[in-house]
Amino acid sequence: MGAAGSSALARLGLPAPPGPRWLGVAALGLAAVALGAVAWRRSRPGRRRRLQQVGTVSELWIYPVKSCKGVSVDAAECTALGLRSGHLRDRFWLVIKEDGHMVTGRQEPRLVLVSITYEDDCLILRAPGMDQLVLPTKLHSSNKLHDCRVFGLDIQGRDCGDEAAQWFTSFLKTDAFRLVQFEKSMKARTSHEIFPSLDKKYQVAYPDCSPVMILSEASLADLNTRMEKKVKIDNFRPNIVVTGCSAFEEDTWDELLIGNVEMKKILACPRCIMTTVDPDTGVIDRKEPLETLKSYRLCDPSEKSIYKSSPLFGIYYSVEKIGSLKVGDPVYQMVL
C-alpha cells in the first residue's frame, strides 16, 4: 500500500476483457441485484438509498505478514480490522527490528519474496533458499510482548519466537529481526492518530492506513497502457479487486455494499516507493511505476495539503457494517 504525503501521511512514509472465470458471473450478478437490494433495504430500513451496481469482485487478497506476498481467497469475513479467513488475518503479523521499529519492503524489498500458505491453523512461510517456517497462529501467552513503532505510532505485538526471528534474520541478512503478531485484545492504531485532520472513526493493526483497500482491474490496465514494462496487481497490494467498471471509476465511489458488508471511503491511496519493488525479484527500482503514475494521477490542487506529490491509485475504505463477501459478489454504490 502507499504511504502518505501530508504531515499525517508522511508518517506512513480500458477494462480488461472478461476471462473464462467470468462466464457465469454476469448472470449471477444480475440475479443478485434484486435480491441484494431487497436484503439491504430490509436490514437498513432507516436509510432511503438506492443501490447502483458499479462492478463485480474479481479477486480477494489477505496479506498476513506486512510486505510479504498475499494470499488469494475466494471468500472472506470483513471485520472492522480488515479481511479474515479463519485465523488468516490481514496484516496481523509484522517484521520488526529488535528495538521494535517496523520493517517493510521499503527498507527490505526481499520481504515480497516470502510466500504464505495456511494449513491446520498454521502459517507456512517459504522463501528462496530457505527451509519452510511453520508458524502457529495461536501464540502462548508467555511469549514476550514488544512495544512496536508503525509509521511513528505505538502499537504492541506478541513475539513469534526465536525460530521465526532467526528465519527472517537468515533470509534478509542485513540485521537482527523479530516477527510479532497482533492480538485483538491489543490497542489498535486509530484513525485519529493516523489522520488527525480527517473526521473518521476506525482502527487498524499493522496496515498503512485503513482496514480495506480497493482497486479496479481497469485502472491497472490503464496504467499498463502507459508502461514499457507492465506491472501486476501485486505491486499495489489491494484487498478487493473489482472488474466491470471503467478506469478510475473507483475514485467516485463513496459508500459501498459488497455481500452484506458496508464500507465508506476514507481517501485515495497515495503511492510510495513500495510500488517500485518487483514482486517477482524483490528488487526495488525506486522509479517505476511511481514516475508514470505521477505523470497523470496527482491530486487536485485543492487536495495538495493532504496528498502532496504522491500519485493516487486505489481507494482506502473503513468498514461500517461487518459481514462476509466473496469473489463474484456485485459491488454496489449506495446513492441517494
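**A walk from a central strand pairing to a charged patch**

Let's start with one pair of residues: methionine 213 sits across from tyrosine 316 in β20. Keep in mind that what you're looking at is a predicted model. The pairing behind that contact is between β16 (residues 212-216) and β20, which run antiparallel and share three bridges.

β20 has another partner, too. Strand β19 (residues 261-270) also pairs with β20 in the antiparallel sense, this time over seven bridges. If you want a spot to click on there, try glutamate 262, whose bridge partner in β20 is lysine 321. And how many of the ten residues of β20 are buried? Eight of them are, so to call this strand (residues 312-321) mostly covered is fair, given that buried means under 20% relative accessible area.

Now zoom out to the chain. It has 336 residues, and 56% of them are buried. Its secondary structure adds up to seven helices and 22 strands. The accessible surface is about 14700 Å², with 53% of that belonging to carbon and sulfur atoms.

Out on that surface, there's a charged feature to look for. Glu228, Asp285, Glu288 and Glu291 together form a negative surface patch. Take glutamate 228 as your way in: you'll find this residue in the loop that links α5 (217-224) to β17 (240-243). Is glutamate 228 buried or exposed? Glutamate 228 counts as exposed because its relative accessibility is 85%, and the cut-off for exposed is over 50%.

How values were computed:
Residues numbered from 1 in each chain as written. Predicted model: local features only at pLDDT ≥ 70, side-chain atom pairs only at ≥ 80, totals over all residues. Heavy atoms only, no water. Patch = residues over 30% accessible without salt bridge, like charges linked within 9 Å, V, L, I, M, F, W, Y side chains within 5 Å. Areas by Shrake-Rupley, 256 points an atom, 1.4 Å probe, with all protein chains shown as cover. Salt bridge = Lys/Arg side-chain N within 4 Å of Asp/Glu carboxyl O. Lys, Arg positive; Asp, Glu negative; His and termini not counted. Charge placed at Lys NZ, Arg CZ, Asp CG, Glu CD. Helix = DSSP H or I, 4+ residues; strand = E, 2+ residues; numbered from the N terminus. Buried < 20%, exposed > 50% of the residue type's maximum accessible area, 1.4 Å probe, protein only. Pairing = 2+ DSSP bridges.
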